[in-house]
Amino acid sequence: MEPTTQSKPPAPGNGGTNGHTLIHLDGVTKVFFTDEVETHALSGIYLDIRRGEYLSISGPSGCGKSTLLSILGLLDSPTDGKYTLNESPLEALSISDRTRIRNREIGFIFQAFNLIGDLTVYENVELPLTYRGMPGSERRQRVQEALERVGMSHRVKHYPAQLSGGQQQRVAVARALVGKPSIMLADEPTGNLDSKNGEAVMELLRDLHREGATICMVTHDPRYADFAERTVHLFDGRIVEETRA
Amino acid sequence: MNTLIQDVKYALRTLGRNPGFTAVALLTLALGIGANTAMFSVVYGVLLRPLPYPEPESMIEISGILRGRPLEAGFTANAFDYWKQHRDPFESVAASVGQGFNLVGAGRAERIRALRVSPQFFQVFGVRPILGREFIPDDDRAGGPDVAVLNYSLWREHFNGDSSAVGRSVSLDGVPYTVIGVMPQGFASNPPADLWTTIEPVRDSMGSGMNYEIIARIRPGVSQQQASSYLGALSQPFAEENYSWLKAGDRKALSFWAAPFRYVISSDARQPLLVLFAAVGFVLLIACVNVANLLVARTAGRGRELALRSALGAGRARILRQVLTESVLLAAFGGALGLLVAYSGLDYLLSLAPDVLPRAEHIGLNTWALLFTAGTALLTGILFGIAPAFQAAGTGVNETLKESEGRASLSLHRRKLSAAMVCAEVALSLILLIGSGLLIRTFIGLLSTDPGFNPRNLLTLQIWTTGSKYDSTPALHAFYQEVQRRVQAIPGVQSASIVAAGLPLERGINLNPGVVLNGRVENPSVDYREITPDYIQTLGVPLLAGRNFQLADSFDASKVTMINAEFAREYFKDQNPVGKSLTLDKDQLEIVGVVGDVRSSLNEPPPPTFFVPLAQASFKTDQFLQAWSPTSILVRTAVNPLSLSHAVQAAVRDADPNIPIGHVRSMEEVLAVSLAFQRLLMALMSVFAGLALLLAAVGIYGVLSYAVRQRTREIGIRLAMGAQRHDVLRLVVGQGFRLALAGLIIGVAGALALTHYLSSLLFGVKPNDPLTFVAVSLALLAVALLAAYVPALRATKVDPITALRHE
């Protein structure tokens, strides 16, 4: 691994928007205002993620990893700075447009799986497609493919509570990839798993990446950070170090 | 005891710590219990309160039943003789028949209510006079003395409460009656009367030998059922002897029974009151379900606390008691507030029903109502507390303690229970709303029913000429003409007329004129009215054929009659009735005209009616009819009719100050009174249904609000997956819609099963009226969706980041 950049404007050839850049963050800051206290969660983030890249974001608790991931996932908006996805600026979009882009371009994998307990495995995976208004036959095919891809096609009628943690996370991965998003955002995907299941999920993500998926993963576990091609280290809301595998 | 006090203290503290929950629960319970207490007070006062007579349960009325319906015809004097001879189960048997008298005294005539009664009448009531004596057999015979027993008020008013009144006389219809007794204060017979006199003198006079009511007091040791069996066994021989005018099949079907007196007095009000009581019971049930639902939700939130108690050694029973203490305490406070609701609600309820409910003077919040409230509150507390209590006691300790605080949520089973309760609420509300809808449609139907005349700007007042100086038809007619002349001279009066034997929209007299039917003379029972020629013009009734009565139709002229359209349809079919004739007594009456139909009751078809000119009416008949039905003056005005009330009364008094005047009303008031019962029924049912709807809406709102809180994380996930706000809105409203729809389906089934109990209270609408069912269901659905919309809107504001951090 070799350290590369810090939290500053990207060096030529490593930043800016070109044909290979999927995401471009330009001086993104996030400030939370609670009562009379200002908390600077992110302070000027400059970051590019290329298509097909496997990026890991690491750092200690409270460094801003999850906030960054929320902004990348369009769950939150920056206080300042620019966010470009697929060469389209996203700052001025309406909530509805942001939701639509999130649905089509981004797949989420959460630490706590976040499957809906009342829905079956099939329905959970199908969920992003239903919001896309996709015809039923196409949805069925996509869900089937996604579940087969993660090795869960034999559990379509099960409910999350009937699955192990590792199985639940595989279903969550299927849900993230079913919509063929531009990027999958994984927030501590192994955090709730034992080492064996954690390894399996990481292997799955690596396989997906090898098949061309762009993945951005937050983790504080150095073992798993090494699965990524590139790791950015956050500290106090800034990128303090960037390493490549 | 100590632990109970501890439970109560803790429950009080818990309720105090959750002011929002406590306030909603208390308000819900107060409304539910209060409405029930108010309605119970009415039911108790009218149906259950013991009659104010000694051993009232021994008092019965002999009643006939023909094919499941009460026989409306009264008994005859001969029938009374029969029961006097067949009285084994009875200690005393008495007959009564109503009659009004003109009482002249202190320069002004007054109409009083009297009952002609047989000697054992007061013995049946078990009440003796406070002064003098009651009737003895020697009083009650043809040619016997004219004697009277006064009620307490009449004695006070006319004799200033003087004990020497006994032996003195009162002038009734110009005849002196000797006062033989005074009844105690507060005594009221049924029907109530100002004085009582003997029945036998009118036995053979026209009509008075009929319409007897027969009451009896059962001997000690004989039950009401035994007395009924005795009467039932004698039904056939009695019917053969006394009901020869009935068809043979009907005579065979006729049976008699000993109807409890309390039942008789309130029989008309019984079914409507029981329907309303059931309706208000539904409201309480909905309130219970609502509070139970709130408690289930809250108990789920207290899962950790209860699990901790279990872990520290509290047994199932202990936790059950802890939670039940809280609910019973809540119900007790709800009951106390309910009493306040009942107190004000009862006033409102009685203001809706002036003179409609029998024994209304006995309605009030008494000990029984307090006991009812206490019992209801206790039962309610247990009812709505039991589900959450068992839920609490059944909480799995280990699992619950392992759950993080934020995850404390309703299990699938509990959610199903909660959803089932909301469905039940919606179903119960729908049943009430449909009942109310049917009654509203009935009422609207009645309001839009054409009474057959124009009731606006019409003043009516009653007069009685019995015992006056007018002793012949011409003399009486001259008085009526004088009254008409004076009234017509009042500025603002357009026309005035006089009608005897019954006012439109009120029950009148029926007679049996001879009509030639299929070649033979028959005597159908039809309505009878005596009128002046101005009657149809004053009422605004159309003349359909022939001519109206004229001044030339005088006492000495040939006798004429007019019939209404219904009479013509029923008895003359396609023939022109004008020129044909009816017979009445021995007179031949030529039909000179056919007039439009006028209703005696808005919810019944117009009865066949025949009219005779007052100028030709039999004086004897006229005087006899006034015993039951006063003569009325009808005044068509160009101004507010009540503004001429004093002038019209003055005109009558100017014509003759000794003629009593009563019931000065506008015809719109008569119309309102005729609809008073339906109005009361509709209003109360609507209030209860509205309450039910409100509670159901609160229930749906509460459950969905809680569901939204519970599903915050799920909603966050959905939003993260790309759900738009409208998807979330649809998700929550859809949940409400499904609950409401399930409730509606159950409710429609329930309503189909129950609304037939309303059949006898409906008019112009069937109990399964599709329009009402559909309209009410849609309205309820709309309210349910509205109730769901508020939490749904809140759900759309869920912040996915915050929601997803609830891990």
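Two strands count as paired if DSSP finds at least two bridges between them. In this predicted model, strand β10 (residues 230-235) of chain A and strand β11 (residues 238-244) of chain A clear that bar with six bridges, and they pair in the antiparallel sense. Arg230(A) sits across from Arg244(A) in β11(A), so this is a spot where one strand can be read against the other using the pairing rule. The hairpin built from β10(A) and β11(A) has two residues between its strands, and in it Asp236(A) takes a positive phi near 50°.

Chain A also holds an open sheet of four strands. Their order is β3-β2-β5-β6 (chain A), and the pairing is antiparallel. At the edges stand β3 (37-50) and β6 of chain A; each has a single partner strand, so one side of each is left without a neighbour in the sheet. As a general point, strands of a sheet pair through backbone hydrogen bonds, either parallel or antiparallel. The link between β5(A) and β6(A) is made by two bridges, with the strands running antiparallel. Leu85(A) has Ser88(A), in β6(A), as its bridge partner. The loop between β5 (80-85) and β6 (88-89) of chain A is where Asn86(A) lies. Although Asn86(A) is not a glycine, its phi is positive, near 55°. Is Asn86(A) buried, partly exposed or exposed? It counts as partly exposed, because it has 15 C-beta neighbours inside 10 Å, while a residue needs 20 or more to be called buried.

Over in chain B, the secondary structure adds up to 26 helices and 24 strands. Taken along the principal axes, the C-alpha atoms of chain B fill a box of roughly 105 × 60 × 55 Å. Chain B has 807 residues, and 48% of them count as buried. Among the contacts in chain B with a separation of 6 or more, 84% come from residues 24 or more positions apart.

A few loops of chain B are worth a stop. The loop between β8 (175-182) and β9 (195-198) of chain B holds Pro191(B), which is joined to Asn190(B) by a cis peptide bond with an omega of about -5°. Asp585(B) has its place in the loop between β20 (581-584) and β21 (587-595) of chain B. Like a residue already met in chain A, Asp585(B) is a non-glycine with a positive phi, near 55°. Asp585(B) counts as exposed, because it has 11 C-beta neighbours inside 10 Å, and the cut-off for exposed is 12 or fewer. Glu72(B) is found in the loop between β2 (69-70) and α3 (77-85) of chain B. Glu72(B) counts as exposed too, with 7 C-beta neighbours inside 10 Å. In sequence, Glu72(B) and Asn211(B) are 139 residues apart, yet C-alpha to C-alpha they are 9.5 Å apart in space.

Where do the two chains meet? The contact takes 17 residues from chain A and 13 residues from chain B. On the side of chain B that touches chain A, the elements giving two or more residues are α23 (712-720) and α26 (800-804) of chain B. Of these, α23(B) gives the most, with four residues. That side of chain B divides into seven nonpolar, two polar and four charged residues.

How many of the nine residues of α23(B) are buried? Nine of the nine are, so α23(B) is largely enclosed by the rest of the structure. The buried residues include Thr712(B), Ile715(B), Gly716(B) and Leu719(B), as well as the charged-type names Arg713(B), Glu714(B) and Arg718(B). Both chains help with the cover: it includes β7 (106-109) and α3 (121-130) of chain A together with α22 (676-710), α24 (725-754), α25 (770-796) and α26 of chain B. After α23(B) comes Gly722(B), whose phi is positive, near 110°.

Finally, a word on confidence. The model scores ipTM 0.80 and pTM 0.75. Chain B averages a pLDDT of 87, and 94% of the residues score at least 70. Within chain B, confidence is highest in strand β6 (residues 147-150) of chain B, at 96, and lowest in helix α14 (residues 397-402) of chain B, at a mean of 53. Over residues 404-410 of chain B, pLDDT stays under 50, and the model has 13 contacts beyond four places in sequence for that stretch.

Conventions: Residues are numbered from 1 along each chain as its sequence is written. Chains are lettered from A and ligands numbered from 1 in the order in which they are written. This is a predicted model: local features need pLDDT of at least 70, side-chain atom pairs count only at pLDDT 80 or more; totals for chains, interfaces and linings use all residues. Two residues are in contact if their C-beta atoms, placed from the backbone, lie within 7 Å. pLDDT is the predictor's confidence in each residue, from 0 to 100.
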